[in-house]
Amino acid sequence: MYKQVFFKAIIVSSMLFAGCKRDGFLDRFPQDSFSDLTYFSSENDLKLYANKFYDNLPVVMRYDLDNNSDNMVPRTINGFLANTYVVPATGDGWGISDWLNIRQCNYFLARYDRVQGTERERYAAEVRFFRAWFYWQKVARYGDVPLVLKDLDDSSTEELFGARVNRKVVMDQVLDDVDFAINNLPKKGGQERGRLHRDVALALKSRIGLWEGSYRKYHSLGDERKFLEASKDASEQLMNANYSIYNTGNTQKDYYNLFVQRDLENNSEIIMHRAYVAGLGTHNYTREATESNTGFSKDFVDQYLFLDGKPLALTSFLHDDTDPYKEFLNRDPRFVQTIATPGFVWREAEVGSAEVKMDLPFLGTSRTSTGYWNIKGRSSDPLQHSANQSDIDGIVFRYAEVLLNYIESKYELDGTVDQGDLDKSINILRKRVGMPDLQTNVLVDPAASDYGYPVAALLHEIRRERRIELAGEGFRFQDMLRWRAGKLIEGTNTIKGMRLTPDLRSKYETDISSVQVDNKNLIIVYPSVQNNRKWDNKMYLYPLPVDQITLVGYPQNPGWTK
């Protein structure tokens, strides 16, 4: 009986949501009821229904997107990576509301063909794009999940109590949904502004294909080539389209400037963005990122190459990380365009006041936990600091990721790439910031990241480039999972900050006595976990909540107990 009530709640709540989510709906029906007999009657109805899913687009506008990885060290330790996460009693990604979006997609897809018109398949393509996104996120979190592709009611006993389906079957369906979207969405320029178009679906295929293909490969699941080919092919289609890396020739500013633009509509790198307009729709990112309570790790910072194209262990340049004024010298210019360094103008001049520059890295404040303050996407324009009034556009998909997906998927397929492959992918990104090209005969880095298994020198550099270019955009944890590289978090410097020597400490005029350091003078963010975290392989998947195991009888994911 409890189970039936549980699933009826999903059905009723989704119908109510569908009936009152958008303003147009309220003009047709009472807020507490929904009549699908009259609602699905026009293409505008389909459009309004599809609108509800757009808030789920993965907009890159969070300073903490890499907090669950070796890239960043939030002031409050990530419980999952610290292996203190416990099996939840309920919800946590598997609650009623967590499955509602999929239920609503199926509800639409069971009814949209009632509408007569030439555009109905376009809106079905939008909904199938989102269903693919929702199911992929479920698989990424839990592995095997129930696969339901039809509309349900309280008589759908078999589907309501269906078993978890092998992740391969689910991801095959995800790929099918994405292909439907590609084939039925309008070409870029033919869509209403702000809506999905064919290239967005190709970008999603590029991303999902790399994820699933490499996950299957490194987790020894088999059948990886289909998805790696899908990623490579989708990437190539976009590489043959009218996209290019945003590059004005200013190697010291272009990368930073890409993420602080107020209008991305005509930016050649942007495949899709979310527009924000002063007075109509704004956000609070710059203000929040100014007091982020997180920071890049020492491990991440040490991954930046030098201007000779070589890593810290091989460079001919002198390096001094005891002095914040010297640590970034002769490094990949993305260093100072991602991390606040001395001289960074963190608040531009306005009437009645001068610009404010950073001197020594901020320590002992909520600005950053490590001394390596993330400034990616954070504007120094005072107008953007007003509470909830920022109108900087948010990036959803950008061409740089596609280039990185291409080169990695091609390497994983062939076991190598040629110089031409590098020149039309990674080396385009490097040209933006004036870095030397990556060559196929790259030297082995003696201090290469420890993935827990051997990684060829060229593949290591492909992965390094991805880590640097996409820093802070929320890819790192998923990359660690698909590479089966949880061991990366065991590095001591993944939870340490900048080097704070006694001499440097004496130069601070503010009280930073609370900032602790280890025997190498690296900032300790977590006094209770000073040296390292320990990865447990069960963490490649999250556990199911107890109520689902008890009520529905699902098996728990490996390594987790009730």
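The second largest cavity in this predicted model has a volume of about 170 Å³. Its lining is made by 17 residues. Which of them lie nearest its centre? They are V60, M61, Y285, K376 and G377. Look for helix α12 (285-289) and strand β4 here, the elements that give two or more residues to the lining of this cavity. By class, the lining of the second largest cavity has six nonpolar, seven polar and four charged residues. A search of the whole structure finds six cavities of 30 Å³ or more.

Now turn from cavities to pockets. The largest pocket has a volume of about 1300 Å³. It is lined by 46 residues, and P58, W133, Q137, G474 and Q478 are the closest to its centre. Several elements each supply at least two residues of this lining. The helices are α5 (100-109), α6 (120-142), α9 (198-218), α14 (399-414) and α18 (476-482). Strand β4 (394-398) is on the list as well. So β4 has a part in two places: it helps to line the largest pocket, and it helps to line the second largest cavity, as set by the rule for which residues count as lining. Which element gives the most to the lining of the largest pocket? It is α6, with eight residues. By class, the lining of the largest pocket has 24 nonpolar, ten polar and twelve charged residues.

The second largest pocket has a volume of about 750 Å³. Its lining holds 26 residues, and the closest to its centre are R193, G194, R195, H273 and A275. Strand β1 (residues 270-274) provides the largest share of this lining, five residues. By class, the lining of the second largest pocket has eleven nonpolar, eight polar and seven charged residues.

Go back to α6, the helix that gives the most to the lining of the largest pocket. This helix also packs against another one. Two packed helices are described by the angle between their axes and the distance between the axes. For α6 and helix α8 (residues 167-184), the angle is about 150° and the axes are 8 Å apart. Why is this pair called roughly antiparallel? Angles over 145 degrees count as roughly antiparallel, so α6 and α8 fit that description. The crossing of α6 with α8 is left-handed.

Many residues take part in this contact. From α6 come E121, R122, A124, A125, R128, F129, R131, A132, Y135, W136 and V139. They meet R167, V170, M171, Q173, V174, D176, D177, V178, F180, A181 and N184 in α8. By class, the residues of the contact of α6 with α8 divide into 13 nonpolar, two polar and seven charged.

Helix α8 has a further partner, helix α10 (residues 225-239). These two pack at an angle of about 25°, with their axes 12 Å apart. Angles under 35 degrees count as roughly parallel, and therefore α8 and α10 are roughly parallel to each other. Their crossing is left-handed. M171, D172 and L175 of α8 make the contact with K226, F227 and A230 of α10. M171 appears in the contact with α6 and in the contact with α10. The residues of the contact of α8 with α10 divide into four nonpolar, no polar and two charged.

Note on methods:
Residues are numbered from 1 along each chain as its sequence is written. This is a predicted model: local features need pLDDT of at least 70, side-chain atom pairs count only at pLDDT 80 or more; totals for chains, interfaces and linings use all residues. Side-chain values use heavy atoms; hydrogens and water are left out. On a 1 Å grid over the protein atoms alone, a cavity is a set of points where a 1.4 Å probe fits but cannot get out, and a pocket is an open set with protein on both sides within 12 Å along at least five of seven lines; lining residues have an atom within 4 Å of a point. Grid points are joined across faces, edges and corners, and a volume is the space filled by probe spheres set on the points. Helices (H or I, at least four residues) and strands (E, at least two) are DSSP runs, numbered from the N terminus. Ala, Val, Leu, Ile, Met, Phe, Trp, Tyr, Cys and Pro count as nonpolar, Asp, Glu, Lys and Arg as charged, and the others, Gly among them, as polar. Axes are lines fitted to C-alpha atoms, for helices over the stretch in contact, and angles run from 0 to 180 degrees between N-to-C directions. Angles under 35 degrees count as roughly parallel, over 145 as roughly antiparallel, 65 to 115 as roughly perpendicular and the rest as oblique. A crossing is left-handed if the near helix is turned anticlockwise from the far one by less than a right angle, and right-handed if clockwise. Contact means heavy atoms within 4.5 Å.
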